[in-house]
Amino acid sequence: MERIVETPTVSVVVDNFNYGRFLKQCLESVINQDYPLEKLEIILVDDGSTDDSIKVAEQFSKRVKIVPRRNGGQAEAFNTGLRQAGGDLIMFLDSDDYWDRDKVRVIADCFKDPAIGIVQH
């Protein structure tokens, strides 16, 4: 197995459906990681929300790629984001959740061991 680069680019795919009330905290938790911001790609897939989700997401449009789609369910939203992702590592996040500040770094560090191919978190 090939060893991953020392500081891999991480694509964070966030799925969202009508969770505008949680979205700000969710996205801020990714943007505020103790990981180099230039190594974080953040993709928000909005799965046809009818609340204020897009309005909330647009506040982060300089850092977050917003991908709107017709409602098709969580799996389709994640698959849409996965097709957009260009990172060395891909992490998934539901928009009604948020991460501790060191989450991306801790997970990325696991991949320094070339025997590791997947980390469930």
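## Sheet and salt bridges in a predicted model

R69 counts as partly exposed, because its relative accessibility is 23%. This is a predicted model. R69 forms a salt bridge with D47, and the closest N and O atoms are 3.0 Å apart. The pair links distant parts of the chain: D47 lies in strand 2 and R69 in strand 3, 22 residues apart. D47 counts as buried, because its relative accessibility is 3%.

How are the strands arranged? Four strands form an open sheet in the order 3-2-1-4, with parallel pairing. Strand 3 (64–69) and strand 4 are the edge strands, and each pairs on one side only. On average, neighbouring strands of this sheet are turned by 20 degrees against each other, direction ignored. Helix 4 (residues 103–110) packs on the sheet. Helix 4 touches strand 1, strand 2 (40–47) and strand 4, and its direction makes about 140 degrees with that of strand 4.

Now the pairings of strand 1. Strand 1 (residues 10–16) runs parallel to strand 4, and six bridges join them. Strand 1 also pairs with strand 2 in the parallel sense, over seven bridges. D15 stands opposite V45 in strand 2. In strand 4, D94 is the bridge partner of D15. V14 stands opposite L93, also in strand 4.

How much of strand 2 is buried? Seven of its eight residues are, so the strand is mostly covered. Strand 4 (residues 89–94) has two faces. L89, M91 and L93 make the covered face, while I90, F92 and D94 make the uncovered one. I90 counts as partly exposed because its relative accessibility is 33%. Together with L82 and F92, I90 makes a nonpolar surface patch of about 230 Å².

Back to charge. Side chains of opposite charge can pair when their charged atoms come close. The structure holds six salt bridges. Three of them are listed here, including the pair already described.

| Salt bridge | N to O distance |
|---|---|
| D47 and R69 | 3.0 Å |
| E28 and K24 | 3.4 Å |
| D102 and R105 | 3.8 Å |

Where do E28 and K24 lie? Both are in helix 1 (residues 20–31), four residues apart, about one turn of the helix. E28 is partly exposed, with a relative accessible area of 29%. K24 is partly exposed too, at 43%. In the third pair, D102 is partly exposed, with a relative accessible area of 31%. R105 counts as partly exposed at 30% relative accessibility. Salt bridges that share partners also join E6, D109 and K112 into one network.

Notes. Residues are numbered from 1 along each chain as its sequence is written. This is a predicted model: local features need pLDDT of at least 70, side-chain atom pairs count only at pLDDT 80 or more; totals for chains, interfaces and linings use all residues. Side-chain values use heavy atoms; hydrogens and water are left out. Buried means under 20% relative accessible area, exposed over 50%, partly exposed in between (1.4 Å probe, protein chains only). Two strands pair if DSSP finds at least two bridges between them. Axes are lines fitted to C-alpha atoms, for helices over the stretch in contact, and angles run from 0 to 180 degrees between N-to-C directions. Contact means heavy atoms within 4.5 Å. Patches are made of residues with over 30% relative accessible area and no salt bridge: like charges are joined within 9 Å, nonpolar side chains (Val, Leu, Ile, Met, Phe, Trp, Tyr) within 5 Å. Accessible areas come from the Shrake-Rupley method with a 1.4 Å probe; for residues, only the protein chains shown count as cover. A salt bridge is a side-chain nitrogen of Lys or Arg within 4 Å of a carboxyl oxygen of Asp or Glu.
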